Amino acid sequence: MNIRTILYSRRSGHIGTALRAQRTALGLTQQQVADRAGCHLTCLKGHEQQKTLAIDVTLVEAFAQALQTTSDALWAEAARHAASQASPRRGPGRPRTEPAA
């Protein structure tokens, strides 16, 4: 792994959700986006299906260009999705009650 590789985290989200959302909004197929980005179809599928743990920055930039957006916009969408999927914090729970005597 080099410095240009980004590991996915719960906070940053998985860029695959943003890729799929932008691709479907533009009415493009996975093959069209992969061709435009200069990568193999299985590469795009792996990211969209969240089967990958990291992504190279240059690939994010290629996907962004293929999807007529910016890499910052893709990461922002991924983070928004991650925040919306985060489980709510658990409260203190139910108060204990004494057993009936």
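Residues with a relative accessible area under 20% are called buried here, those over 50% exposed, and those in between partly exposed. Gln 50, with a relative accessible area of 40%, is therefore partly exposed. The model on screen is a predicted one.

**Whole chain**

Start with the full chain, coloured by secondary structure. It holds 5 helices and 2 strands. Read from the N terminus, the order of elements is β-α-α-α-β-α-α. Now colour by burial: 31% of the 101 residues count as buried. The chain exposes about 7,200 Å², and 52% of that comes from carbon and sulfur atoms. If contacts are limited to pairs at least 6 apart in sequence, 67% of them join residues at least 24 apart.

**Gln 50**

Select Gln 50, the residue classified at the start. It sits in the loop between helix 3 and strand 2. Check its backbone: phi is positive, about 55°, although the residue is not a glycine. Keep Gln 50 displayed, since Thr 17 is in contact with it.

**Thr 17**

Move to Thr 17, in helix 1 (residues 15-26). Its relative accessibility is 18%, so Thr 17 counts as buried. Show its surroundings, leaving out neighbours within four places in sequence: the contacts are Gln 50, Ala 78 and His 81. Ala 78 and His 81 belong to the helix 5 side of a helix-helix contact, and Thr 17 to the helix 1 side.

**Helix 1 against helix 5**

Select helix 1 together with helix 5 (residues 71-85); their axes are 7 Å apart and the packing angle is about 110°. An angle of 65 to 115 degrees counts as roughly perpendicular, and helix 1 and helix 5 therefore fall in that class. The crossing of helix 1 past helix 5 is right-handed. Show side chains at the contact: helix 1 contributes Ile 15, Thr 17, Ala 18, Leu 19 and Gln 22, while helix 5 contributes Leu 74, Trp 75, Glu 77, Ala 78 and His 81. By type, the residues of this contact are 6 nonpolar, 3 polar and 1 charged.

**Ala 76**

Stay on helix 5 and pick Ala 76. Its relative accessible area is 30%, so Ala 76 is partly exposed. Draw a distance from its C-alpha to that of Ile 15: the two are 9.0 Å apart in space and 61 residues apart in sequence.

**Glu 48**

Next, select Glu 48 in helix 3. Is Glu 48 buried or exposed? With a relative accessibility of 4%, Glu 48 counts as buried. Draw a C-alpha distance from Glu 48 to Gly 16: it reads 3.8 Å, for residues 32 apart along the chain. With neighbours within four places in sequence set aside, Glu 48 is in contact with Gly 16, Leu 19, Arg 20, Arg 23 and Gln 30. Of these, Leu 19 also takes part in the contact of helix 1 with helix 5.

**Helix 2 against helix 3**

Gln 30 leads on to helix 2, where it is one of the residues that meet helix 3. Select both helices: the axes come within 8 Å and cross at roughly 115°. Helix 2 is thus roughly perpendicular to helix 3, and their crossing is right-handed. Show the side chains: Gln 30, Gln 31, Val 33 and Ala 34 of helix 2 meet Leu 41, Leu 44, Lys 45 and Glu 48 of helix 3. The residues of this contact divide into 4 nonpolar, 2 polar and 2 charged.

**Helix 4**

Select helix 4 (residues 57-66) and colour its buried residues: Leu 59, Val 60, Ala 62, Phe 63, Ala 64 and Ala 66. Which elements do these buried residues pack against? They pack against helix 1, helix 2 (30-37), helix 3 (41-48), strand 2 (54-56) and helix 5.

**Gln 68**

Finish just after helix 4, at Gln 68. This residue is in the loop between helix 4 and helix 5. Its relative accessible area is 60%, so Gln 68 is exposed. Its phi is near 55°, a positive value in a residue other than glycine. For a last view, display Gln 68 beside Gln 50, whose phi is about 55° and also positive.

Notes
Residues numbered from 1 in each chain as written. Predicted model: local features only at pLDDT ≥ 70, side-chain atom pairs only at ≥ 80, totals over all residues. Heavy atoms only, no water. Helix = DSSP H or I, 4+ residues; strand = E, 2+ residues; numbered from the N terminus. Buried < 20%, exposed > 50% of the residue type's maximum accessible area, 1.4 Å probe, protein only. Contact = heavy atoms within 4.5 Å. Axes fitted to C-alpha atoms, helices over the stretch in contact; angles between N-to-C directions. Parallel < 35°, antiparallel > 145°, perpendicular 65-115°, else oblique. Left-handed = near helix turned anticlockwise from the far one by under 90°. Nonpolar A, V, L, I, M, F, W, Y, C, P; charged D, E, K, R; others polar. Areas by Shrake-Rupley, 256 points an atom, 1.4 Å probe, with all protein chains shown as cover.
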